Structures are given as structure tokens and as C-alpha cells.
Amino acid sequence: MSVRSVLLNRRAAGGCCRVWCGVPRQLVHIRSASVAEAGTRRPDEEQLWEAAGYLPFSRAKIGAFFQERPVLKNPFLEDALLRGYLKRHMPDKAAVSDLRAFGERVANEVDGWGRECEVTAPRLVHFDPWGRRVDHIVTSPAWKRMKDLSAQEGLVASGYEGTFWEWSRVYQMSKLYLFSPSSGLYTCPLAMTDGAAKVIQSIGASWPVKEALGRLTTRQPERFWTSGQWMTERQGGSDVASGTETVAVPQTDGSFKLHGFKWFTSATDADMTLTLARVQDGTGATTPGSRGLSLFYAEVSRDEDGRLKGIEVQRLKDKLGTRQMPTAELLLDGLPAHRLSEEGRGVASIANMLTITRIHNSVSAAAAMRRVVQLARDYATRRTAFGKLLKDHPLHIQTLARMEVETRGAFLLVMDVCRLLGREECGIATQLDTHLLRLLTPVVKLYTAKQAVAVVSEGLESFGGQGYIEDTGLPGLLRDAQVLSIWEGTTNVLSLDVLRCVARSSGMVLHAYFSHVKSLLAGASGVSSLAPAVKAVDGALSELEVFVRGAATKAPGYMELAARDLAYSLARIYTGALLIDHACWIEASPSDTYAALRWCENDLCPVATKQARGCFDSGTPPLDAALVFDRPTQD
Ligand code: UCC
């Protein structure tokens, strides 16, 4: 009888105490013998005890199989589309070798810091041990290393150095794209820092704000500053114009003191901030609405007692994701500030910042998709189910391929907006470029954010239950993706921004859009392998033109209902054209063609599809409302 069956029999017979009472007789015998003959019999004893599963202090037996984890490899080397795109548009050896080296650093060094930021969340210390109010936001050492790294690697600076001329933004954003999923959300302060630098640069500010610009765009870690963007108050994160209560009290030296309450201030450990407030006149009155808002610059500093000057940190936010980064509620209690914009031009002046942060948001969205696809792809080569590796299950690979198509589309859309930004900043943008940049900025932000949530969620599923386990680091990708559609303008707010820019440009942004998409398609005429894709985009573009032409005659409110689907249509058609264009490149791969074909199988013009179903007709809102507020009828 085996040791195991002896044990089982004894248990079945009511054997009690797990270790000693259930020990088989031969073991007890050997044990006494081995005490006497220590050193000679022990190995046998251990084998028997081990076989019985009762070696004292042995590790628990939990089976011999351990799944290999997905491995993060150099994200630059792993990304065929990024490398192809750069080879096509900016084949600069210095840029490529920098990105390759940075990719290595991300995989081997930075990704670990990112995890550290996640598990060592920031905390707020209100008082020092002697009761003085200090309001210290304590962040992890890894978060601080991210700041130094950001300066050294020029993650903001490279957007301003002009090293790669019109491609400088593409280069900078490619680097951020590699960095983002490993950054512990440090991309958030960098987005706002970049946005603040852009605003200050475009306003042409003088001292002390000019000095700040140097700090925001330096590569020297000891000089480097990050900026906040304090826009949201209790009454308004979207409706900034009527929700901003903060007042600016003029001082005799021309500066101001701000009093108000900022409800969401992200990356609150920043060194400075841009914020909105209403200037008080001599009687203490302010102008309501958008025309009462001005843009202010303020430094976050401490007095000799270590107290924040003019700020109290009320509390840190308890968030679904982005936990690596401190987000706080701030009481502004006489914060010294300088007015940056003309009085009443606050929203228009901060718009430059919004453009930059929305582009950063889109880069992070594409990067999150790329990261989950890379990990899922690697895992598919390590995980076996139903007798074969996941990579050999066609349905699994089909799912990953669909994620890849979404990721490629998002990447090309994001990079095209970066290209346009670079052209504008170099002063070589045509009017068409400028119009496209204005139109596509809200479009790329809203569309890629939605894609990111969907693709990352799908990606987690490809790890089975492990995708739901916190310390794999995978759920954090989804939690962090969820913010992308919320901050910097929700999907609906941005859809309305699309309408705003169409109206303000008297439709010129759409003219630019149609003519650019047509020119991209013209480049693909005669490429037979792409013919179905070209036909699909061409057809969708015609539908969109018909919709836009008819829109002018519709009742007020019609376009508001259509805004979201219009924005989606703009995104899908443009992305289709970009995928086709990339697949026409002489060095394009068969996968580039396949991705274009697959993308174009989608409904590229949902606004036309839904219009045909009457979704925007005047009868719809009451029905929508009745459905939303549907209640059980009383018995
Ligand atoms: O603060 C937040 C969290 C920070 C964290 C950021 C991290 C990012 C990290 C990413 C990487 C991971 S979230 C704050 C969220 N809030 C928003 O984003 C604001 C959302 N609301 C809007 O966008 C609204 O549409 C407003 C505030 C812009 C609407 O304000 P108004 O006053 O009603 O707008 P108006 O009157 O239509 O426009 C005022 C002026 C006009 O210029 P003028 O007067 O010259 O005609 C507009 O053309 O502003 C101009 N304007 C714009 N210009 C308005 N929007 C834009 C725009 N997008 N681009 C250019």
C-alpha cells in the first residue's frame, strides 16, 4: 500500500490531527530511527515525508505548473507600424536610435517604476508633528524619478527644440507613446506642462512667466518644472464658463490674489499652474459667463514655515484609476497670481492648452491599446489551452487581429494630428492644415478614448482570469483607460466642440476635411488590393457630404442630436483614408493592406446610417426621455 493510500484510508477511518495522527506507521518508525542515526537515514526520511506531503515546514504543495507571464519587450522594436511610419516620414537615424534606446529603457527600467507608482499611491499629510498645517503631498520615489527622466529624455522639451523641424511633434509624441503605459501616469503632468508651455509661448509672456517657460521646456532635471491646469470647480468641469466662481483680486503692484475652490486639480504636486478666475472690479463685482473669465499664472510655493502660500489642500481624490497621481481639491486663499490673458479672454487663451492636452490624451489612448495588444500577443505564445497554444486558436487570433486593426487606426489618426501640429508650429501649415488640426483635435480625442476602453477591456479578456488580477498590472490599464474619455472634455462636450468649430469656420474645416480625404484616396486609385477599402471610404465620404449639405436646412437641435455620430463618422472615414494611404507606401507590408481592408468593413458613416433610421428627428428626444425615465406603472 502506498504512503498516500495509507493516509487516505486513515482519514477515511476518522483519522484526526492533520500532521501527526495521520502519519503512516513506517514514517513514525523511520523518524525514531533517524533521530538515533542522524545523518545516515535522513535523506530517506525526507523523501518519504515529502511523498506523504507531511515534511514539516515544507512549502505547500500546489502543483508543479506555473504559467509564464506575458513579457514586456522593447515597445519600439515590437511595433511594426510605428517603425514603418517613422521610416516613411522621418527616417532620421538619430531619432530612430533614440527611440530604440528609450524603448529598451521603458521595458527594463521605467515599467518597474510605473508599478511602484501604482502600488505606492500618493498621500496627503495635513499637519506636521507639532500641529502646523503643511499640506504635503507625499509621492513615491518612483514618481520623482519619472520627473527627472522626463526632463532628461526631453519628453516636453523635444516638442520645443525643433530638432526634427516639422516632425518634432511626431518624434516627441512617439516617445510619449512608448512611455505612457509604463509612466505611472506621469504623462498627465507632462501633458499639462506641455500645454502650459504652449500657452505661455503663444502669448509671448514677460518675466516671471517667461522664466517659467524655460523651466517647463528644459532638459535639466534640477530646473525642470511641471504645470497644473486648474479648471474644474464644483459647479463646472465641462461648463467652465458658468461654473467658475474663483475671483481675482487686483493688487497695487499689478498682480492678483486668487480666492476660490478648485474641485479637480490633477498632478497637484506641480510647481506652477494655469487657472481661470474672474477679475473683481473696485466694488468687488465680476462679469458672469465666458466673457468674465481671464487666464492666470500662479506658482506653487511655500513660506519659511513650510506652508503653501495661498493654498490649502482640502483632500486627495479617491479615484477609479490614475491612482498613481495625486488629484486634489484646493482652496485658493489669496494665491498670488499674474494675469496672462487679456481680461475676459480666459477660455480662448486656455484653448491652446486644451489642444495640446487633448492630443496627449489621444497619444495615451493609442499607447494603452498598443500595450495591451503587445502583451496579449506575447501571452498567446506562452499560454496553452485545449491542447495548443493560444496563438494556434484561430478565434483567439481573430480577436487579437481586430484589436490590432483598432490600434493601427488610432495610431495613424493620432500621428496625423501630431504631424499637423508640427507643421503649424513650424509656420509651414497651409490653411487646409490649420482647419484640419482644429477639426481633428476633438475628433481624435473623443474617438481614441472610446477605442482605448474597448480594446483594453477586450485585451484583459485574452488573459482569462489573470486579466482581472490586480498584481499582474493588467487591470490598472483598464482603470486608467477609463479616464481618457472623461478628462479634457467628455465625448459629448467634444462632439459639441466639433459643431462649434464647424460653425465658427463657416464650414471651412469640413471643406478641408473632404478635400484631404479625397486626395488620400486619389493616391490609392489603381491599387487593386485596396479597391474594396477605397470604395468603402469613398462611399462613406459621399454619404457624409450628403448629410452635411442637408444639415443646414434642419431644425435647431437636429445637429446637436447628430453631433456624436457625426464625430464618429469623421474619425472612421479619416482613419480609413490614412490606413489606405499607409498601405500604398512602397514599403508597406501585406498586413498594412489587410488592416486597411478590415477597418473599412465597419460602418464608416454612422451619422448617415442613423439619419436614415430617423434617430435625430424631432420626435426622438421625447421618446429618448420617456425611455430613460421609464418607471413601473402603479398597480
Ligand atoms: O482639468 C482637467 C483635468 C486635468 C488633467 C489633464 C491631464 C491630461 C492628460 C492626458 C494624458 C494622459 S479636466 C478639465 C476638463 N474640462 C475641459 O476640458 C473643458 C471642457 N469644456 C469645454 O471644452 C467647453 O466647450 C468650453 C469650456 C471650451 C466652452 O466654453 P465657452 O466659454 O462656452 O466657449 P465659447 O464661448 O464657445 O468659446 C470661447 C472662445 C471662442 O473664441 P473666440 O471668442 O475668439 O471666438 C472659441 O472659439 O474659446 C474658443 N474655443 C476654442 N478655441 C473654445 N474651445 C476651443 C477649442 N477647443 N479650440 C480653440
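This is a guided tour of a predicted model, stop by stop, with something to select at each one.

Residues are numbered from 1 along each chain as its sequence is written, and side-chain values use heavy atoms, with hydrogens and water left out. Because the model is predicted, local features need pLDDT of at least 70 and side-chain atom pairs count only at pLDDT 80 or more, while totals for chains, interfaces and linings use all residues.

**Stop 1: the ligand**

Select the ligand and show what is around it. You should find 30 residues surrounding the ligand, the closest being Gly237, Ser290, Arg345, Glu488 and Arg500. (A residue is near a molecule if one of its heavy atoms lies within 4 Å of it.)

Now turn to the polar contacts, which are pairs of N or O atoms within 3.5 Å; within protein, one must be able to donate a hydrogen and the other to accept it, and residues adjacent in sequence count only if both atoms are side-chain atoms. Pick Arg500: an N or O atom in its side chain is 2.8 Å from an oxygen atom of the ligand. Arg504 does something similar, with a side-chain N or O atom 2.9 Å from an oxygen atom of the ligand. Asp497 has a polar side-chain atom 3.2 Å from a nitrogen atom of the ligand. On its own the ligand has 1200 Å² of accessible area, and the protein covers 81% of that. (Accessible areas come from the Shrake-Rupley method with a 1.4 Å probe; for residues, only the protein chains shown count as cover.)

Next, colour the helices α9 (187-203), α11 (240-243), α12 (346-380) and α16 (491-504), the elements that give two or more residues to the shell around the ligand. (Helices are DSSP runs of H or I with at least four residues, strands are runs of E with at least two, and both are numbered from the N terminus.) Which element gives the most to this shell? Look at α12, with 8 residues.

Colour the shell by class and you get 12 nonpolar, 11 polar and 7 charged residues. (Ala, Val, Leu, Ile, Met, Phe, Trp, Tyr, Cys and Pro count as nonpolar, Asp, Glu, Lys and Arg as charged, and the others, Gly among them, as polar.)

Before you leave, select Glu488 once more. Glu488 sits in the loop between α15 and α16, and its phi is near 65°, a positive value in a residue other than glycine. Is Glu488 buried or exposed? At 17% relative accessibility, Glu488 counts as buried. (Buried means under 20% relative accessible area, exposed over 50%, and partly exposed in between, with a 1.4 Å probe and protein chains only.)

**Stop 2: a pair of strands**

Select residues 227-230, which form strand β3. Ser227 and Gln229 point one way, Gly228 and Trp230 point the other way, and all are buried. In a regular strand the side chains alternate between the two faces of the sheet. Add strand β6 (residues 272-279): β3 and β6 run parallel and are joined by 4 bridges. (Two strands pair if DSSP finds at least two bridges between them.) The bridge partner of Trp230 in β6 is Thr275.

**Stop 3: salt bridges**

The whole structure holds 42 salt bridges. (A salt bridge is a side-chain nitrogen of Lys or Arg within 4 Å of a carboxyl oxygen of Asp or Glu.)

Start with Glu153 and Arg105, whose side chains meet in a salt bridge at 2.8 Å, N to O. Glu153 is in the loop between α6 (141-152) and α7 (158-161), while Arg105 is in helix α5 (residues 93-119), 48 residues apart. Glu153 is buried at 11% relative accessible area, whereas Arg105 is partly exposed at 22%.

Then select Arg133 and Glu312, which form a salt bridge with their closest N and O atoms 3.6 Å apart. Arg133 lies in strand β2 (residues 133-138) and Glu312 in strand β8 (residues 311-316), so the pair ties together parts that are 179 residues apart in sequence. Both residues are buried.

Finish here with a network: Asp79, Arg370, Glu404, Arg408 and Asp592 are linked by salt bridges.

**Stop 4: a loop residue**

Select Trp165, in the loop between α7 and α8 (168-179). Trp165 has a positive phi of about 50° although it is not a glycine, and it is exposed, with a relative accessible area of 51%.
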